[in-house]
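Please open the model in your viewer and keep the sequence panel beside it. The stops below can be selected one after another.

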Amino acid sequence: MASPAVHDLNSLISSEGRDFLIRNNGDQVKISSLIGKNVGLYFSASWCPPCRRFTPIFAGVYEKLASKGDFEVIFVSSDRDDNSFKDYFSKMPWLSIPFSDSDTIKRLKELFKVRGIPHLVVLDANGKVSTDQGVRMVSDHGVDAYPFTSEQIQLLKEREEEAKRNQTISSILVSNSRNYLISNDGNQIPVSELEGKVIGLYFSVYGHGACDEFTPILVDAYKKLKEKGQNFEIVLISFNDEDEEFKEALKSMPWLALPLKDEKCKELIRYFELSEIPTLVIIGQDGKTLQPNAVELVEEHGSDAYPFTPEQLEKLAEIQKAKLESQTLESLLVHGENDFVIEKSGAQIPVSELVGKNILLYFSAHWCPPCRAFLPKLTEAYNEIKQKDKEFEVVFISSDRDQDSFQEFFSGMPWLALPFGDERKKLLNRRFKIQGIPALVALNQSGRTVSTEARKLISAHGADAYPFTDERLKQLEEELEEEAKGWPEKLKHELHEAHELVKTRRSYVCDGCDGVGSGWSFHCAECDFDLHPKCGLKKKEESKEEGKEGWVCEGDVCRRQA
């Protein structure tokens, strides 16, 4: 963001007795020699990992701009000692304020409101701030961001939009210094050979869990399409840092790749507005983007997703609709010879014995704090539901990292589970698009999906949410509305004496019992404070019942006030 303030460079970065900056070899450079140049103030430190990642990128941009003769960078260190400063500065091709001049360094940080590093402020030739978002500009646009003005960034965005309108596979993958891709045997393949094909751009990180799970699925689909003679190719855009990791990734991939750390890799992140990995961008035969991310399509349909056109997606949607309508418990939990779940003893229970019951699929793990926190609530609801309906069961689907962790967590559960490491877990994760845990999926007696939000329902209503159908939720809503008619619109409570609490409909975490609530709350908007009605009204009921002064009751414990 540009600032209207104009700074005199001499007074800005000099100090009493010092009118120079230093190079990493110890040479002194007069500040006056920078007058009339664009100057970047680079706030950074060796102890900061993001700084260490950005510095070599920025150094590459600086080297390209140095020949212009009108740009210089000044390192403003946040290192903790002189040795760290010297070691870090030795890797930089620009100037620096001496580490010993802590007063000037402190003054610059305060003046430019540096709250985090790396941070790059660029001053124009007149001393006016062009931007304080230099790190983002360099990361997004590299040397093209120069001279780091808002006008230049706007121009780049307009060029990018124009490039998208005229997009071809060459405009996406060819750079100024490279017109080829590499195969997994090291050969160079001209990008021009991809013209007229459907292309998948596979953004991935070798060693990343989600990528490592998806890659074999994509390999299977790719090989099937190749066997059918389809005009399809994949290009890996790897975000790995190490050459060995990149080579290992290519060993498992029968397709092409951009060279590791190619300048196009980061450019394509911005170009396709990537927000997650893995991502599979599909480029049509005409070079235009067909699908911004086809990962779920390939997970669900494999090679049948090809050629990823709107017409094919319509066909797949019809197939998916038919699958949902014909879904049974066996279709979800039986896969090959895996046709059972287990008890804590390890005894196998055939899936057939669960047919006709209402089932909760519980996706969870011992290492996950929210899972451990939710388990007592689910156990309480399970026991209460089982007392009313024996035709109910929960199946634990573990994301634990080893057998011992699984066994320890499962030992505290009164229900069944898939065995640890069972391949059905991946299938169910994809089927129900599990993005986070704990998660609860409710199935009715026919095996159809009733709700994928059963965790929220248990948290809000406990066992009363059973059997998790829309009809039951509507009934709960009507009961809650009726009950709320007798509640006060406002109340004062000892847990929040500063303001009155107002009866409000919202989702929240109760500040009285730490439970998750959905529906009515007694809420203070000013303090973002919430009490569940049972907590907000409980005190009044208890005080009326016991009628004793000098006591504070919290949960099921009452203590005498000090």
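Which residue of β20 does L360 stand opposite? Select L360 and look across to β20 in this predicted model, and you will find A442 standing opposite L360. The pairing to which these strands belong is antiparallel, with β17 and β20 (residues 439-443) joined over 5 bridges.

Next, select the whole of β17, residues 358-364, where 7 of the 7 residues are buried, so the strand is largely enclosed by the rest of the structure. In a regular strand the side chains alternate between the two faces of the sheet. Colour the two sides of β17 separately: N358, L360, Y362 and S364 lie on one side, while I359, L361 and F363 lie on the other, and both faces are covered.

Now add β18, residues 392-398, which runs parallel to β17 and is joined to β17 by 7 bridges. To find one of these bridges, select N358, whose partner in β18 is F392. Following the chain from β17 to β18 takes you through helix α14 (residues 369-388), and this β-α-β crossover is right-handed.

Finally, show the side chains of L360, Y362, F396, W415 and F468, which are the residues with the most contacts inside the largest nonpolar core, a set of 31 residues. Among the elements that give two or more residues to this core are β17, β18 and β20, together with β15 (340-342), α15 (403-410) and α17 (454-461). Helix α14, already selected as part of the crossover, supplies the largest share of the core, 7 residues.

Terms used: Residues numbered from 1 in each chain as written. Predicted model: local features only at pLDDT ≥ 70, side-chain atom pairs only at ≥ 80, totals over all residues. Heavy atoms only, no water. Buried < 20%, exposed > 50% of the residue type's maximum accessible area, 1.4 Å probe, protein only. Helix = DSSP H or I, 4+ residues; strand = E, 2+ residues; numbered from the N terminus. Pairing = 2+ DSSP bridges. Right-handed = clockwise from strand over helix to strand, strands pointing away. Core = buried A, V, L, I, M, F, W, Y, C linked by side-chain atoms within 4.5 Å.
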